[in-house]
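Visitor: I would like to learn how to read a sheet and its surroundings in a model such as this one. Could we go through it feature by feature?

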Amino acid sequence: MSARVMVRMAPALKGRRSPLTLTQAAVRRLKELQSNSTPEDKSKTLKIGIQGKGCSGNAYTMSWVDVPKKFDEKVVQDGVTVLIDSKALLTLIGTEMDWFEGKLASQFVFNNPNIKGACGCGESFLV
């Protein structure tokens, strides 16, 4: 008795959207930060996460890491690589990261469509 095996070609996989997009201002600023860093820090990658704190419950975190963790999401855009912490991924889907430079402050700004509320100072948010 022989077994019969059927083989089918899988449909072509469609490209998926990036969970985070960077504006040109954010790309320029990240490239500037990396070019001004020390030689041993040039290999580090920016990692974005979320931490429970503030009036509304959550706040963004940003840190430079040497090695990504196993389930971190890697976003590459215009020659810049950013990592997203696996625990923050669902909260950050669809978010745009921008760089704002004003007279009183310069900072990265996250335009997140998933936010349902934020505190008055804008530092923490509710999903």
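Visitor: Let us begin with a single pair of residues: which residue in β7 does M97 stand opposite?

Guide: The model is a predicted one, and in it M97 stands opposite F110 of β7. To read such a pair, one goes on to the strands that carry it: β6 and β7 run antiparallel to each other and are paired over 6 bridges, while the connection from β6 to β7 is a hairpin of 4 residues.

Visitor: In what order do the strands of this sheet lie, and is the sheet open or closed?

Guide: The idea is to list the strands as neighbours in space and then to look at the sense of each pairing. Here the sheet is open, its 3 strands follow the order β1-β6-β7, and the pairing is mixed. The edges are formed by β1 (20-22) and β7 (106-111), each of which pairs on one side only. On average, and with direction ignored, neighbouring strands of this sheet are turned by 25 degrees against each other.

Visitor: In which sense do β1 and β6 pair, and over how many bridges?

Guide: The strands β1 and β6, the latter spanning residues 95-101, pair in the parallel sense over 3 bridges, and within this pairing T21 has E96 of β6 as its bridge partner. Helix α1, residues 24-35, packs on the sheet, where it touches β1, β6 and β7, and the direction of α1 makes about 70 degrees with that of β6.

Visitor: Which residues does E96 touch, leaving aside those up to four places away in sequence?

Guide: A residue can be read through its contacts and through its accessibility. With those sequence neighbours not counted, E96 touches T21, T23, V109, F110 and N111. The C-alpha atoms of E96 and F110 are 5.8 Å apart in space, although the two residues are 14 apart in sequence. E96 has a relative accessible area of 31%, and it therefore counts as partly exposed, since that class lies between the buried limit of under 20% and the exposed limit of over 50%.

Visitor: Turning to the backbone, what is phi of D78 near?

Guide: One looks for positive phi values in residues other than glycine, and D78 is such a case, with phi near 50 degrees. The place of D78 is the loop between β4 (73-77) and β5 (80-84). Because its relative accessibility is 40%, D78 counts as partly exposed.

Terms used
Residues numbered from 1 in each chain as written. Predicted model: local features only at pLDDT ≥ 70, side-chain atom pairs only at ≥ 80, totals over all residues. Heavy atoms only, no water. Pairing = 2+ DSSP bridges. Helix = DSSP H or I, 4+ residues; strand = E, 2+ residues; numbered from the N terminus. Axes fitted to C-alpha atoms, helices over the stretch in contact; angles between N-to-C directions. Contact = heavy atoms within 4.5 Å. Buried < 20%, exposed > 50% of the residue type's maximum accessible area, 1.4 Å probe, protein only.
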